[in-house]
Amino acid sequence: MKDYEFSDKKILQSWHENAKEWVKVIDRAAIPSRELITNQAIIDAILARSPTSVLDVGCGEGWLARVLAAKGIEVWGIDAVPELIAEARSRSEGRQQFMTASYEDLDTGALPQKFDLVVCNFSLIGETATKTFFQKARALLNPGGHLLVQTLHPLVSCGEQSYIDSWRPGSWAGIDGNFKEAAPWYFRTTSSWVQLFIQNGLALVSLKEPLNPATGKPASLILYGELTQHFTAPRTG
Ligand SMILES: C[S@@+](CC[C@H](N)C(=O)[O-])C[C@H]1O[C@@H](n2cnc3c(N)ncnc32)[C@H](O)[C@@H]1O
């Protein structure tokens, strides 16, 4: 069997290779759980906070940025894949701006403003990249700002494996598209997600588990963090 690489680098490589097909899949609305549940769930979660500015982290081809901009919200999107950012730019009208940057390379000072809300919609996939992004999150938020993360629901996505943080092979199962090799992903338990917020100075204010009516199981997990006023970063090393 061919060696399968579990790394943050491999995730980005796979998204570079699959960018074109991903755009087609989003255009065809070919991911049923998104159409049925999770797209509206993240839109509702964002609008419930009434932000005037949003940063869409790992924005892909920019569908969410377009929805939010149409509601009068000022939106920036970042993504590591230039092809996806080019697509997002070419489709944007009005209050949207996009920048190519990986979470690892993102210089928070390169963005001209801070945001009322930062959203990561199924875009925190790796191990180190996710940790690195969380370490930068406070610097991206206005006082009282929120970080929203929508991710695969840990209990549902765990499958038969042990319920512990670990790398898992990726798969495009259930998504009708002509994809190349799927990106690996780093499975996190619910408590591991919660820790990421707390360790990085974000108070967890809510958890949501939108239900898939067809299966009766949660289609995703949405975590809301709020910037805490006083925070001392834990010492590393
Ligand atoms: C499943 S797609 C989600 C895209 C978009 N948020 C949406 O809702 O359609 C994951 C996105 O995360 C981006 N991504 C993954 N790891 C990244 C990293 N380390 N830095 C920047 N972008 C990353 C990928 O390029 C891809 O566009």
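# A kinked helix and its surroundings

Mentor: Start with helix H1, which has a kink of about 60° centred on Asn 18. The bend at a residue is the angle between axes fitted to the seven residues ending there and the seven starting there. This is a predicted model, where local features need pLDDT of at least 70, side-chain atom pairs count only at pLDDT 80 or more, and totals for chains, interfaces and linings use all residues. Residues are numbered from 1 along each chain as its sequence is written.

Trainee: What counts as a helix or a strand here?

Mentor: Both are DSSP runs, numbered from the N terminus: helices are H or I with at least four residues, strands are E with at least two.

Trainee: OK. How far does H1 reach from its first C-alpha to its last?

Mentor: H1 has 20 residues and reaches 27 Å. That is close to the 28 Å expected at 1.5 Å a residue. The expected span is 1.5 Å times one less than the number of residues.

Trainee: Which residues of H1 are buried?

Mentor: Asp 8, Ile 11, Ser 14, Trp 15, Asn 18, Trp 22 and Val 25. Buried means 20 or more other C-beta atoms within 10 Å of the residue's own; exposed means 12 or fewer; partly exposed is in between, with C-beta atoms placed from the backbone.

Trainee: Why would buried positions come at steps of three or four places?

Mentor: An α-helix has 3.6 residues a turn, so residues three or four places apart point the same way.

Trainee: And what covers the buried residues of H1?

Mentor: The cover includes H5. Contact here means that two C-beta atoms, placed from the backbone, lie within 7 Å.

Trainee: What happens just after H1?

Mentor: Ala 29 takes a positive phi of about 50° there, although Ala 29 is not a glycine. Ala 29 sits in the loop between H1 and H2. With 11 C-beta neighbours inside 10 Å, Ala 29 counts as exposed.

Trainee: Why point out a positive phi?

Mentor: Because most residues other than glycine have a negative phi. Phe 122 is another case, at about 55°. Phe 122 lies in the loop between E4 and helix H5 (128-140). Phe 122 is partly exposed, with 16 other C-beta atoms within 10 Å.

Trainee: Back to helices. Where does H2 bend?

Mentor: At Thr 38, by about 45°. H2 runs over residues 32-47, and its 16 residues should span 22 Å. The end C-alpha atoms are 22 Å apart, which agrees.

Trainee: Which residues of H2 are buried?

Mentor: Arg 34, Thr 38, Ala 41, Ile 42, Ala 45 and Ile 46. So the bend site Thr 38 is among the buried residues by the C-beta count. Their cover includes helix H3 (63-69) and several strands, among them E1 (53-57), E4 (115-121) and E5 (141-151).

Trainee: Let's look inside E4. Is Leu 117 buried or exposed?

Mentor: Leu 117, in strand E4, is buried, with 26 other C-beta atoms within 10 Å. Leu 117 touches residues including Ile 46, Val 54 and Leu 148. Leu 117 and Asn 142 are 25 residues apart in sequence and 8.0 Å apart in space, C-alpha to C-alpha.

Trainee: New topic. Which residues come nearest to the ligand?

Mentor: Gly 58, Gly 60, Ala 80, Ser 123 and Ala 129, out of 20 around the ligand. A residue is near if its C-beta atom, placed from the backbone, lies within 6 Å. H1 gives the largest share of the shell, three residues.

Trainee: How many of the shell residues are nonpolar, polar and charged?

Mentor: The shell has 13 nonpolar, six polar and one charged. Ala, Val, Leu, Ile, Met, Phe, Trp, Tyr, Cys and Pro count as nonpolar, Asp, Glu, Lys and Arg as charged, and the others, Gly among them, as polar.

Trainee: Now the whole protein. How many helices and strands are there?

Mentor: Seven helices and eleven strands. The radius of gyration is 17 Å, close to the 18 Å that the globule rule gives for 237 residues, so the protein is as compact as a globular protein of that length. The radius is taken over C-alpha atoms, and the rule is 2.2 Å times the number of residues to the power 0.38. Buried residues make up 38% of the 237 residues.
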